[in-house]
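Let's walk through this one with a handful of questions, going from the backbone to the charges. Grab the viewer and follow along.

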Amino acid sequence: MLSLKFLYNTPLGALVTGSRKKREDKSGKDIVLVDQDSTLDLDPLRASYVHSIPRAQWFKGVLLQGYLVHPNILMGLDDLEVRDDDVFIITYPKSGTTWTEEIVSLIYNDGNPSKVKKKLLNYRVMHLEVGRPIGHLRHLRKVKSPRLMATHLPLPVIPKRLRQGKCKIIYVVRNPKDNAVSYYHHHRMSTFLGNYKGSWDDFLYLFMKGYLVYGSWFDHVLPYWRFQQEHPDRMLFISFEDLKLDLPGMVSKIASFLDRPLSPDAIEAISNHCTFEQMKSNNMVNREVLPITDLFDMTQSKFMRKGIIGDWKNYFTEEQNIAFNKLYNEKMQGSGLELIFDPEEIDNRNNNGETATTNKLDNGPTET
């Protein structure tokens with residue numbers, strides 16, 4: 001077992017991960033380290049956040065953490081081989097990534113949970129930009145087909161063959177209010193994100209400005225939404241809320257998209273295995289057991305915390321809700337993307353014969 005403290009804060013670990021000097025020499029113009037950025041001081045809150053991220057770096061303008069996201073990996077991504085039978089799961093962080101990974105992994109194991117009960121999810125679904133500083137991309141090249149992979153990278157910086165729609169892509173979106181709350185707790189528990197010590201108010205400001213690791217929710221979601229409209233045969237665009245409200249139906253939809261239709265019994269088996277309650281207690285997916293011991297501080301929050309729709313109501317003030325709705329309506333205008341923010345909306349709209357989702361938010365007060 002390894003630890004981040006050993007890998008990044010000891011001389012022996014530096015031999016494996018690469019020294020700071022080597023990173024500066026090899027990164028080139030696509031990667032900018034924090035101490036090379038002269039614009040940070042324009043916003044003290046942004047500067048404080050960025051400096052709190054271990055080995056923070058910008059990759060083609062996207063803020064990334066530096067633990068296990070090494071320039072050696074980033075510099076080789078654009079030319080990565082993408083196979084026709086690859087499956088990529090792409091998300092903004094805390095949108096249902098792990099949930100979807102487990103579903104897809106089970107689909108490729110004939111819907112039989114017993115086949116994966118002793119194998120960690122991170123060995124079944126490889127992460128594109130997170131891995132060993134030396135040999136990660138070589139390892140991905142050696143993985144047998146069909147490869148299941150995941151990434152949080154925005155569309156402009158994923159491998160060029162992936163941007164060309166060379167394989168199957170599943171994109172998972174989550175309504176940004178719940179996404180912000182979940183990402184806040186994820187920051188607090190994640191060693192590689194500096195175990196965020198700031199307030200919820202400050203974090204929401206950073207989220208709305210797009211200053212967080214992996215950038216703006218809007219700049220992440222909308223380009224992929226347009227990409228799906230251009231490549232409907234190659235990309236399935238689903239939501240966390242879809243999975244929450246109709247898991248069996250979504251399992252069937254994902255399986256059909258992957259050209260791996262399942263029997264009703266297999267769909268039921270996957271759905272039962274992938275409820276939030278089951279996932280939260282499953283050590284193969286809940287990050288309680290990992291090859292690196294100190295990625296997460298579970299005393300701050302569990303990796304799988306609540307898994308509900310509408311938790312944002314417990315955090316947003318009335319003023320924050322009004323400001324966020326204004327931003328959301330400005331950014332999403334004309335997109336056609338409809339998301340669910342409150343399961344009660346579905347019942348109310350269905351009772352009134354209206355659609356169950358919306359892409360325009362009311363600027364009225366937050367309900368509590």
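Q: Which loop holds P146?
A: This is a predicted model, so take each value as computed. The peptide bond that leads from S145 into P146 is cis, and its omega is near -5°. As for where to look, P146 sits in the loop between α8 and β6 (148-151).

Q: Is K94 buried or exposed?
A: K94 has a positive phi of about 65°, although it is not a glycine. You'll find K94 in the loop between β4 and α6. Buried means under 20% relative accessible area. K94 comes in at 15%, so it counts as buried.

Q: And D259, buried or exposed?
A: D259 also isn't a glycine, and its phi is positive, near 60°. Its home is the loop between α14 (247-257) and α15 (264-273). The cut-off for exposed is over 50% relative accessible area. With 58%, D259 counts as exposed.

Q: With which side chain does the side chain of E102 make a polar contact?
A: Start in helix α6, residues 97-107, where E102 lies. E102 has a relative accessible area of 0%, so it is buried. Its side chain does have a polar contact, at 2.9 Å, and the partner is the side chain of R124.

Q: What is the nearest side chain of opposite charge to D178?
A: D178 lies in helix α10, which covers residues 176-189. Its relative accessible area is 2%, so D178 is buried. A salt bridge needs the side-chain nitrogen within 4 Å of the carboxyl oxygen. D178 has no salt bridge, and the nearest side chain of opposite charge, 4.9 Å away, is R174.

Q: Which residue has its backbone nitrogen 2.9 Å from a polar atom of the D178 side chain?
A: D178 has no salt bridge, but its side chain does have a backbone neighbour. Don't mix this up with F341, which is 163 residues from D178 in sequence and 7.8 Å away in space, C-alpha to C-alpha. The backbone nitrogen that lies 2.9 Å from a polar atom of the D178 side chain belongs to W312.

Q: How many residues apart are D79 and K160, the pair that links distant parts of the chain?
A: The side chains of D79 and K160 meet in a salt bridge, 3.1 Å from N to O. D79 is in the loop between α5 (71-74) and β4 (87-91), while K160 is in helix α9 (residues 160-163). The two links in this chain-spanning pair are 81 residues apart.

Q: Is K160 buried, partly exposed or exposed?
A: Its partner D79 has 53% relative accessibility, so D79 counts as exposed. For K160 the value is 31%. That falls between the limits of 20% and 50%. At 31%, K160 therefore counts as partly exposed.Q: Is D342 buried or exposed?
A: D342 pairs up with K313 in a salt bridge, and their closest N and O atoms are 2.5 Å apart. The pair links distant parts of the chain: K313 in the loop between α16 (276-280) and α17 (318-332), D342 in the loop between α17 and α18 (343-351). K313 counts as buried at 17% relative accessibility. D342 has a relative accessible area of 9%, so D342 is buried.

Q: Which helix holds both K326 and E330?
A: The side chains of K326 and E330 form a salt bridge, 2.7 Å from N to O. E330 counts as partly exposed, at 48% relative accessibility. The two residues are four apart, about one turn of the helix, and that helix is α17.

Q: How many salt bridges does the structure hold?
A: The K326 and E330 pair is one of them, and the K313 and D342 pair is another. For the structure, the count is nine.

Q: Which residues gather with K142 in a patch of positive charge?
A: K142 has its place in helix α8, residues 136-142. Its relative accessibility is 65%, so K142 counts as exposed. The patch is on the surface, and K142 shares it with R132, R138 and R141.

Terms used: Residues numbered from 1 in each chain as written. Predicted model: local features only at pLDDT ≥ 70, side-chain atom pairs only at ≥ 80, totals over all residues. Heavy atoms only, no water. Buried < 20%, exposed > 50% of the residue type's maximum accessible area, 1.4 Å probe, protein only. Polar contact = N/O pair within 3.5 Å; in protein donor to acceptor, adjacent residues only side chain to side chain. Patch = residues over 30% accessible without salt bridge, like charges linked within 9 Å, V, L, I, M, F, W, Y side chains within 5 Å. Areas by Shrake-Rupley, 256 points an atom, 1.4 Å probe, with all protein chains shown as cover. Lys, Arg positive; Asp, Glu negative; His and termini not counted. Charge placed at Lys NZ, Arg CZ, Asp CG, Glu CD.
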